[in-house]
Amino acid sequence: MTFLEQVLAILWKDIRCELRSKQTWMGMGLFALLVLVIFNFAFDLRVDNKAAIAPGALWVAFVFASLLGLGRTIAAEREKGLMDRLLLCPVDRKAIYLAKLLGNLLFIGVVELVALPVFAALFNVPLFAGSLLPIVLLGTLGIASVGTLFSAIASATQARELLLPLLIFPLIVPVVIGAVRATGALMVPAANEPPWLGLITAFDVIFLSISMLTFEFVVEE
Amino acid sequence: MNHPYLEVTGLKKSYGFKPILRGIDLSVEPGQCMALLGANGAGKTTLLRILAALTSPGAGTVRIGGLDLARDAHQARRLVGFVAHQPYLYDELTALENLLFFGRLYSVRRCKERAGVLLERVGLAKRAGERTSALSRGQAQRLALARALLHEPRLLLLDEPDTGLDEEGIALLETLLQEHRQAGGAILLTTHHLERALLWSERIGLLSGGRLTYQSETGGLEAGSVREVYQEALR
Amino acid sequence: MALAKHETGIEQRDAGHTSKRKDAHFPYISLLLGVLSFTGMLVSICMIFLYAPMDAVQGEPQRIFYFHVPMAWLGMLGFGVVAAAGIGYLITKDERWDWAARASAELGAIFITLALVTGSIWGETIWGTWWTWDARLTTTLILWFIYISYLMLRSYLGRTPSSARAGAVLAIIGIIDVPIIYESVNWWRTLHPAQQVGVAGALPPSVVLTLMISLASFTLFYTFLMIQLYQLQRLQTLAQRLRAHLM
């Protein structure tokens, strides 16, 4: 079985199991909406300062949604030895990582898909789906690539929900800065803006590779 | 025929700082079945987990079918079928879907056919479309057996396979083990049941305090003589 | 100085694979480093307060510079050592690499904390605020967080091989991330130029000399402390192993 086939087989299995258990994905969509509504009250978005705050508000919502999505992987592995079923088979550990990553991306993506139109409506921000999409995609990929690796690490501890954000937040700072600034630059184009998308892409490439390569050390006993 | 299929030399393992296995040497020939007995916590499960390449040993070597487990773990995994305490199945998937999934990962050819045959063999053909969470403990155990046999492994590792099985299930297990031996496969199983161990296997071993304190061929052994040694080890 | 010289009889009887190794005790190197760093520190302090010229713009408080820079440098170096030792552990699976990693993590965390504190104090004297989000201070803060998350992770996972592997992976990702973090904060800062904590312009040779001496003696001090902490890690591991044997 080729590498790609292994990834897809595991991913498809994860999706089926998740859909049939019906636990997390509904809650996540609602969560994103709630966060945005609360932001509406928390930040005073008048016309003049809207452009400054809106990108930040959006990305805080996305970061928390990502954390929730990653947390579901941890919750699933709470029973010790849940990975054993997969580790028993002659399947490439990198394929397991990629499948988990894609699964996480899908679930976070569902939330973001719900959140974006609502964001545009609530804050009266024009939804420029074309150019916003790469930023959202690449930014989420950055968060999820590191997050998938560390959710595997944190799942072995007792204080996993505390440890995961502690591990991830410092590391994804470049992605957060880049994504917020890139989103802001879309709303209010500025001259001499640094290549934020390039930074995020570089981050994604580097840390996706490293996470994929080091995953087996983390997940095997 | 004289090369053992499974060869374990000087196997040691500690969890944290607590030593569980303190140097195990054993071997199983093709077509042979070896049974390991021992108290709970003696290290039987740990030993099987190492042989199934789920845990790495602290020291020692394991050779399966001539392959060094440390170096060629992936190839070795194809040769091993493991039935553990937990069924290692996905609750939300049906019995058939479980077999198909694992079949894909093991690159089993004509997977659908094979899965159907195995489900028939373990008596779960009627429940193929049911979710695993709906199966009873005994049925899940049978499904686990089917999963272990799916890729035609040469070495079967079974951790107390008789627990949770009814009379019919145990008879089925015995037949399956017999068939596997006749096909030239090797078996290593653990059990608490001394009589069954003597009945099913050619070699018997006693694991106590992390060491194999007793090893012997079963041919001609009387249950009584072994029982004393067994009781001693359990204390 | 924690010079571990004695091995107990039980430890040598231990069937573990450690009994055949010669665990290095470094007593002579340790002594040499101790003396060197002590003299180095003395010389540094004299030079910092007596030799280095007073800064025209910032005045006396600028001398914090000679403490802040080495501490920030050691914070960075410390994490580099954690990552390198982590890689060493992943390759060799020898627990001694992990001892070095843990030692450097503890040591580096202290230095980075001091760097933050001195940086903050220095900023206060220049700008009147205890914190500015300038690129260097911010990156130092984030590195501090990474250190803390490393120490917490190791603490939660204990002294097991999987703990060592997890720590190694965290350190590898962290060390590669730090330059990227610095750049991204830098770019962010250029859009909102704010107070910078540092010295501007070309530095006169006396300043450079004092700084170099200070860097050198602090680094010697770091190496000396590393050996002590490494021994401490080694002893802690052996103690736990003994305890487990006796239970």
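Where in chain B is N98(B) found? Let's keep that one in mind as a way into the structure, remembering as we go that this is a predicted model. N98(B) is in helix 3 of chain B, and that helix is a good place to start looking around.

Is N98(B) buried or exposed? Its relative accessibility is 0%, so N98(B) counts as buried; the cut-off for that word is under 20% relative accessible area. Now look at what N98(B) touches. If you set aside its neighbours within four places in sequence, N98(B) is in contact with L89(B), Y90(B), L93(B) and T132(B).

Let's zoom out from that residue to the helix around it. Two packed helices are described by the angle between their axes and the distance between the axes. Take helix 5 of chain B, which covers residues 137–149, and helix 3 of chain B, which covers residues 95–105. These two pack at an angle of about 25 degrees, and their axes are 10 Å apart. That angle makes helix 3 of chain B roughly parallel to helix 5 of chain B, because angles under 35 degrees count as roughly parallel. The crossing where helix 3 of chain B passes helix 5 of chain B is right-handed.

Which residues of the two helices make the contact? From helix 3 of chain B come A95(B), L99(B) and F102(B), while helix 5 of chain B brings L143(B), A146(B) and R147(B). Sort the residues of this contact between helix 3 and helix 5 of chain B by type and you get five nonpolar, no polar and one charged.

Helix 3 of chain B also packs with helix 4 of chain B, which is made up of residues 111–121. Here the angle is about 130 degrees and the axes are 9 Å apart. That makes helix 3 of chain B oblique to helix 4 of chain B. This crossing of helix 3 and helix 4 of chain B is right-handed. On the helix 3 side of chain B, the contact is made by A95(B), L96(B), L99(B), L100(B), G103(B) and R104(B). On the helix 4 side of chain B, you'll find C111(B), K112(B), A115(B) and L119(B). Seven residues of this contact between helix 3 and helix 4 of chain B are nonpolar, one is polar and two are charged. If you look back at both lists, A95(B) and L99(B) turn up in the contact with helix 5 of chain B and in the contact with helix 4 of chain B.

Next, a couple of loops in chain B. A53(B) is in the loop between helix 1 (44–51) and strand 4 (59–64) of chain B. What is the phi of A53(B)? A53(B) has a positive phi of about 65 degrees, although A53(B) is not a glycine. With a relative accessibility of 13%, A53(B) counts as buried. E160(B) is in the loop between strand 7 (155–159) and helix 6 (167–182) of chain B. E160(B) isn't a glycine either, yet its phi is positive, at about 45 degrees. At 8% relative accessibility, E160(B) counts as buried.

Now swing over to chain A. How many helices and strands does the secondary structure of chain A come to? The count is nine helices and zero strands, and along the sequence the pattern reads α-α-α-α-α-α-α-α-α. Chain A has 221 residues, and 52% of them are buried. Among the contacts in chain A with a separation of 6 or more, 81% are between residues 24 or more positions apart. Chain A exposes about 9000 Å², with 71% of that supplied by carbon and sulfur atoms.

For a close-up, find E216(A) in helix 9 (residues 196–219) of chain A. E216(A) is partly exposed, with a relative accessible area of 33%. Along the chain, E216(A) and K94(A) are 122 residues apart, but their C-alpha atoms are separated by 7.1 Å.

Last stop, chain C. There you'll see seven helices and zero strands, and 49% of the 247 residues in chain C are buried. The accessible surface of chain C comes to about 11900 Å², of which 72% belongs to carbon and sulfur atoms. One residue to pick out is A84(C), in helix 3 (residues 65–92) of chain C. A84(C) is partly exposed, with a relative accessible area of 44%. A84(C) and M71(C) are 13 residues apart along the chain, and their C-alpha atoms are separated by 20 Å.

Note on methods
Residues numbered from 1 in each chain as written. Chains lettered and ligands numbered in written order. Predicted model: local features only at pLDDT ≥ 70, side-chain atom pairs only at ≥ 80, totals over all residues. Heavy atoms only, no water. Axes fitted to C-alpha atoms, helices over the stretch in contact; angles between N-to-C directions. Helix = DSSP H or I, 4+ residues; strand = E, 2+ residues; numbered from the N terminus. Parallel < 35°, antiparallel > 145°, perpendicular 65-115°, else oblique. Left-handed = near helix turned anticlockwise from the far one by under 90°. Contact = heavy atoms within 4.5 Å. Nonpolar A, V, L, I, M, F, W, Y, C, P; charged D, E, K, R; others polar. Buried < 20%, exposed > 50% of the residue type's maximum accessible area, 1.4 Å probe, protein only. Areas by Shrake-Rupley, 256 points an atom, 1.4 Å probe, with all protein chains shown as cover.
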